[in-house]
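The following exchange concerns burial, strand pairing and charged contacts in one protein model. Please consult the structure alongside each answer.

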Amino acid sequence: MSTRIKLRVQGLTNSQTQSGAYALVLAEENGPRRIPIIVGTAEAQSIAIALEHIVPPRPLTHDLFASFAQAFNVILKEVYIYKFEDGVFYSELEFSDGEHSIKLDSRTSDAIAIALRINCDIFISDEIINDCGVILDLLSLPTDESEEDEALLELEPDEIKDETQLKKWLSLLDTQEIKERLEDAIADENYEYAKMYKDELRRREEEESTN
């Protein structure tokens, strides 16, 4: 029987291999290995708002699923990533009503989005993490100064394809403008941008508290 390794959700980053996709990074709880899983934009947004505790104006599909399960006293006990085949991670959700347990297959992105809302454990087999685990530091990004700040500020985020340039663009924005953009992004249900602006505000707050 495979040894099970507990994971935590480390975060999301732009995919370097697939345009328009994102890498969901799962971290070994007591180790250095990371599992990057490619997810689509909709799934990334749903995971992002759960990570950032953003309350959308209307419940998303994963919110509705979690509320439905809780309303009928069905408990999601755990998520288990049990197979990796042809570049795809396979997961299952284990539910219990207190007397019976049932396991349902799920896309890994959906399973993680639901797990974050219900706050249940996430596991992976040791074979998969041995085969797919990598050392990945999301914070090791270049910070070179740009000489084209003025031109960069004239762009909108969807026009900036380079992640380093996007972070530079965020750093150039006034704090009040970021707050206004955050409110607009939430109102428009653009949770990818909402997470981006919220991360930048948090970064500035942490920077101020250490100075």
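Q: How many salt bridges does the count come to?
A: This is a predicted model, in which local features need pLDDT of at least 70, side-chain atom pairs count only at pLDDT 80 or more, and totals for chains, interfaces and linings use all residues. Residues are numbered from 1 along each chain as its sequence is written, and side-chain values use heavy atoms, with hydrogens and water left out. A salt bridge requires a side-chain nitrogen of Lys or Arg within 4 Å of a carboxyl oxygen of Asp or Glu. By this rule, the number of salt bridges is 18.

Q: With which residue does Lys-6 form a salt bridge?
A: The closest N and O atoms of the pair are 3.8 Å apart. Lys-6 belongs to strand β1 and its partner to the loop between β2 and β3, so the contact ties together parts that are 23 residues apart in sequence; strands (E, at least two residues) and helices (H or I, at least four) are DSSP runs numbered from the N terminus. Lys-6 is partly exposed at 27% relative accessibility, where buried means under 20% relative accessible area, exposed over 50% and partly exposed in between (1.4 Å probe, protein chains only). The partner, itself partly exposed at 37%, is Glu-29.

Q: Is Lys-103, which meets Glu-92 in a salt bridge, buried or exposed?
A: The N to O distance in this pair is 3.9 Å. The contact links Glu-92 in strand β5 with Lys-103 in strand β6, 11 residues apart. Glu-92 is buried, with a relative accessible area of 17%. At 53% relative accessibility, Lys-103 counts as exposed.

Q: In which helix do Asp-199 and Arg-202 both lie?
A: Their side chains meet in a salt bridge with an N to O distance of 3.1 Å, and both residues join Glu-52 and Lys-195 in a network of salt bridges. Asp-199 is partly exposed at 27%, as is Arg-202 at 32%. The two are three residues apart, about one turn of their helix, α8 (residues 191-210).

Q: Which strands stand at the edges of the sheet?
A: Seven strands form an open sheet of mixed pairing in the order β3-β2-β1-β7-β4-β5-β6, two strands being paired if DSSP finds at least two bridges between them. The edge strands each have a single partner, so one side of each is left without a neighbour in the sheet: they are β3 (34-39) and β6 (101-107).

Q: Which residue in β6 stands opposite Tyr-90?
A: Strand β5 (residues 88-96) pairs with β6 in the antiparallel sense over seven bridges. Opposite Tyr-90 in β6 is Arg-107.

Q: Which residues of helix α2 are exposed on the face turned away from its buried side?
A: In α2 (residues 61-71), His-62, Asp-63, Ala-66 and Ala-69 are buried. They cover an arc of only 130° around the axis, taken from the directions to the C-beta atoms, which puts them on the same side of α2. The opposing face carries the exposed residues Thr-61, Leu-64, Phe-68 and Ala-71.

Q: How many of the 11 residues of helix α1 are buried?
A: The buried residues of α1 (residues 41-51) include Glu-43, Ile-47 and Ile-49. The helix is largely enclosed by the rest of the structure, because the number buried is eight.

Q: How many disulfides does the count come to?
A: A disulfide is taken as a pair of cysteine sulfur atoms within 2.5 Å. Cys-120 is buried at 13%, and Cys-132 is buried at 14%. By the distance rule, the number of disulfides is zero.
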